[in-house]
Amino acid sequence: MTKISHAQALVDALHGSMARDPSISLIGSYVLGLGPLRFLVSKIRDDFGDRVFDPPCAEAAIASLGIGAAMAGGRPFVDIGTASFVFEAWSQIVNEAANAHYMSGGQITVPIVFHMLHGLRGGGAAQHSHSPQAMMWNNPGLEIVLPASPRDAKGLLNTAIASDNPTIVLDHAKLLGIEGEVPDGDYKIPFGVADVKREGSDVTVVATSRMVQVALEAADRLSGDGIDVEVVDPRTIVPLDKEAICASVEKTGRLVVADETNVSCGIASEISAMVAEQAFSSLRAPIMRVARPDVTMPFSPPLEDHLTPSADKIVDAVMKTLG
Amino acid sequence: MAEKITLDQSISIFERMLLMRRFEEAVLHLSHEKHFFGHFHVYIGQEATGAATLEVLRDDDLILTTHRNHGHVVGRGAEPGKAFAEIMGRADGFNGGRGGTLHLCDRSRGFLSTSAVVGGAIGLSLGAAFRLKQVNEGAIAVAFFGDGSLEEGIAMEALNVAALYELPVLLMCENNSAGGAGAAAGEYPSSEMAAKIADLPKAFGIPTEVVDGEDVRAVYTAVTNAVERIRGGEGPFFIEAITERWPGTKPLWPELATGITDIALAWEREKIGGEHARWIRDHDPVLRFARELQEFWDVTQDKIMEMDRQVDEQVAAAKNFAVASPFPEPDSAVHGVFVQSENRQ
């Protein structure tokens, strides 16, 4: 075990995978965004330069290139950069990659990974702040991965690269610098297996990505008030570990879902509906959602902060389930 | 450049063309008899382009085609019975009934996913070529697409990327809108501001050739030259093959406007008549090549008619196979979205 950053864990997984498998190419120049940790990718360029490609500003063509290469036997790792740019490649991802296995009757597989940084990085404003994973969830055929810790980042990325399905890995700029204990060597974390990040008995908080860290912060505060919060991190929303989520709700009887997608048709909404359907008799209070309001994201910091899902809002929601 | 096309190659090309033609006539019949429903698109009038191109390709070349895929798929050698079955949504179809006419593909013959999104084939061909370049065994990718594809943004991005990365891809643009009667007559003309379609790839520095898509020998020569250069590592090549649109190809519902093809009209030209006599006489590529087989290679009329009879038999058997194929089990509809593995719970 070594304590490393989330960004380093991603690089380790990608580097290790590329070392083992010559069919993996990295297509994209900004895997770790534009922050100070971006130079960690240099190791991949140094060791596998002939398999690293810097694409032009052409997300549709580059996504297509990756998808076609995957269909033809490669394992491309395509970095989209800021998740908002994925919309340029939307037809390719949802209408080519996601469909191909099913509509070909199983003849075609698309073992591609798309990586991107989603969410509120601070000052991204309307066009650079999206969390598109809920939209992706609403289109069958994409595995969707949301690592929330360095340990999860390395293991989930290894599984994503090895997966024969089109896989979207959504990271977050505010997670990249967080450090945590990471096993040395190669390991995979299976998809569809949630992780209880904090055990508790009073309320379940299901959270994804950066909101896991925010939920843990809220749980710490609430423990000071004698409220014991269980934080469940699904780690992947497709496939989703419904059993683990429902088991936690059966234990606590109360649920708050915290997510950075917009509230309408967002991840929090879908998980709430699923629990209401499958674990209704366990619920002692209505389910609360803490998500982004359905508002275009403004630039000015106090405006953005007002709309950002926060530890305060999670604390409020927990109190509502207890009130 | 003059190309030597042999008699054997010509016979092979003509067999492909006959199969394409008789297959599509059967599809029109199956639609008319309500064996399947919905939009479909036929390759009639474009057989010279497809057959000549497919003759040049290797087994390990990868192919991307579009909603107008039937000719490419059966011309490549895929079983026509499974192709009919797929078009009719039956379980024995190549895609198990899940794709239908729009997404017909046979992976074992080098077809990747068949996209019916205009421009999709061009985009995917970049990836096929990218992978083949890495594997480095000389195989190439081929994208068949129509003139309309060049109106989509993905096509422009793809031309740039193909040139930038020197991808081994043959971009076969089948322009079947030239000289047509236009939108008022129910046809779909390209809405391109480019003076000539061929100006578009040239703007990206891609070698480009324009050929008569109804002329087997011209297409064969152009494709042979292009493929040699692509396999030699020179990057992409763009061919625009122009055909006059078959009168039965309407945007929504194809009709058997020129009837079941009578091969004998290749030499009994005085008997050509009807509303579309001009197209049959001057633009039917199957009849044209039947004439050329006689004139350049002394193939007899009997031999040509015998080839056609054999194709008719093959198509009839394939049709029967497909009509007898069951529909897939309804509750199988929920399976097959993902590849399962021990890494997915």
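Q: Hi! In strand 5 of chain B, which residue is the bridge partner of B:Val211?
A: Happy to help. In this predicted model, B:Val211 has B:Ala241 as its bridge partner in strand 5 of chain B.

Q: And how many bridges join strand 4 of chain B to strand 5 of chain B?
A: Five bridges link strand 4 (residues 208-212) with strand 5 (residues 237-242) in chain B, and the two strands run parallel.

Q: Which helix does the chain go through from strand 4 of chain B to strand 5 of chain B?
A: The path goes through helix 8 of chain B, residues 216-231, and the resulting β-α-β crossover is right-handed.

Q: Nice. Switching to the inside: which residues touch the most other members of the largest nonpolar core?
A: Those are A:Phe114 and B:Leu170, in a core of 163 residues. Helix 1 of chain B (residues 7-32) gives this core its largest share, with twelve residues.

Q: What is B:Leu170 in contact with, leaving aside neighbours within four places in sequence?
A: Its contacts include B:Thr53, B:Ile140, B:Val142, B:Val223, B:Val227 and B:Ile230. B:Phe237 and B:Ile239 are also among them.

Q: Which residues does the second, separate core include?
A: That core has 31 residues, and A:Leu117, A:Leu156, A:Ile161 and A:Leu176 are among them.

Q: Now cysteines. How many disulfides does the structure hold?
A: Zero, over all chains.

Q: Is A:Cys57 buried or exposed?
A: A:Cys57 is exposed, with a relative accessible area of 78%.

Q: What about A:Cys246, buried or exposed?
A: A:Cys246 is buried: its relative accessible area is 6%, and the cut-off for buried is under 20%.

Notes. Residues numbered from 1 in each chain as written. Chains lettered and ligands numbered in written order. Predicted model: local features only at pLDDT ≥ 70, side-chain atom pairs only at ≥ 80, totals over all residues. Heavy atoms only, no water. Disulfide = S-S within 2.5 Å. Buried < 20%, exposed > 50% of the residue type's maximum accessible area, 1.4 Å probe, protein only. Core = buried A, V, L, I, M, F, W, Y, C linked by side-chain atoms within 4.5 Å. Helix = DSSP H or I, 4+ residues; strand = E, 2+ residues; numbered from the N terminus. Contact = heavy atoms within 4.5 Å. Pairing = 2+ DSSP bridges. Right-handed = clockwise from strand over helix to strand, strands pointing away.
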